[in-house]
Amino acid sequence: MALERTLSIVKPDAVEKGVAAQILARIEASGLKIIALKMIQLTPEEAQGFYAVHKERPFYGELVAFMTSGPVVVSALEGDNAIARYRELMGATNPADAADGTIRKEFATDIEKNAVHGSDGPDTSKIEIAYFFNATEIQAPVEAL
Ligand code: GDP
């Protein structure tokens, strides 16, 4: 099993609902370690850059508007198989399809306002963590990661 890092975002809908700390508690209870953490409000440029991979999708404009609509809580998580484990803990993109016990099943509103983001692979996790955190903001840096 590989030691991995992944980027988590508690999205504006979940922060607005007042469940950010509950989501962070779920993450910690799952055994994933929070190694960086901050609350920020994304600018349109930052949200566009973060979701650039989706820029041809019809919902891109709405997604950027949503992600800039309020503060988000961004964290970097570390653990064995962290990327897949966090995606399992989040549940399916559409909360209607999310399994019981997942974060999205419990806290998401709809396919857009779905409470959390998690990186989808090792290459994206590196890019996404570096998008939000510099080396001094990450605890216990592992040079190999
Ligand atoms: P994820 O990896 O599970 O977050 O899903 P994707 O990478 O496919 O989509 C990124 C984000 O775009 C999702 O988490 C949603 O917030 C949003 N999104 C995905 N599909 C739709 C859609 O059909 N409509 C809208 N409005 N937003 C969507």
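Which side chain meets that of Glu106 in a salt bridge? The partner is Arg26, with 2.0 Å between N and O. Before going further, please keep in mind that this is a predicted model. A search of the whole structure finds five salt bridges, and this briefing walks through some of them, then turns to the sheet and to two residues with a positive phi.

**Salt bridge between Glu106 and Arg26**

- Glu106 belongs to helix H6, which covers residues 103-107, while Arg26 belongs to helix H2, which covers residues 20-29.
- The two residues are 80 residues apart, so the pair links distant parts of the chain.
- Glu106 has a relative accessibility of 48%, and therefore counts as partly exposed, since that value lies between the 20% and 50% cut-offs.
- Arg26 is also partly exposed, because its relative accessible area of 22% is not under the 20% that buried requires.

**Salt bridge between Glu78 and Arg5**

- Glu78 and Arg5 form another salt bridge, and their closest N and O atoms are 2.7 Å apart.
- This pair, too, links distant parts of the chain: Glu78 sits in strand S3 (residues 72-80) and Arg5 in strand S1 (residues 3-10), with their positions 73 residues apart in the numbering.
- Are these two residues buried or exposed? Both Glu78 and Arg5 are buried.
- For Arg5, the relative accessible area is 11%, which is under 20%, so Arg5 counts as buried.
- The contact between the side chains of Arg5 and Glu78 also appears as a polar contact, at 2.7 Å.

**Salt bridge between Lys105 and Asp100**

- Lys105 pairs with Asp100 in a salt bridge whose closest N and O atoms are 3.8 Å apart.
- That distance still qualifies because a salt bridge needs the nitrogen within 4 Å of the carboxyl oxygen.
- Lys105 is partly exposed, with a relative accessible area of 40%.
- Asp100 has a relative accessibility of 68%, which is over 50%, so Asp100 counts as exposed.

**The sheet**

- In what order do the four strands form the open sheet? The order is S2-S3-S1-S4, and the pairing is antiparallel.
- Strand S2 (33-40) and strand S4 (116-118) are the edge strands, as each pairs on one side only.
- On average, neighbouring strands of this sheet are turned by 20° against each other, with direction ignored.
- Strands of a sheet pair through backbone hydrogen bonds, which may be parallel or antiparallel in arrangement.
- S2 and S3 run antiparallel and are joined by seven bridges.
- Met39 has Val73 in S3 as its bridge partner.
- The buried residue Arg5, described above with its partner Glu78, lies in strand S1.

**Positive phi outside glycine**

- Asn81 is not a glycine, yet its phi is positive, at about 60°.
- You can find Asn81 in the loop between S3 and helix H5 (82-90).
- With a relative accessibility of 30%, Asn81 counts as partly exposed.
- Ala115 is another residue other than glycine with a positive phi, in this case near 75°.
- Ala115 has its place in the loop between H6 and S4.
- Is Ala115 buried or exposed? Its relative accessibility is 0%, which is under 20%, so Ala115 counts as buried.

How values were computed: Residues numbered from 1 in each chain as written. Predicted model: local features only at pLDDT ≥ 70, side-chain atom pairs only at ≥ 80, totals over all residues. Heavy atoms only, no water. Buried < 20%, exposed > 50% of the residue type's maximum accessible area, 1.4 Å probe, protein only. Pairing = 2+ DSSP bridges. Axes fitted to C-alpha atoms, helices over the stretch in contact; angles between N-to-C directions. Polar contact = N/O pair within 3.5 Å; in protein donor to acceptor, adjacent residues only side chain to side chain.
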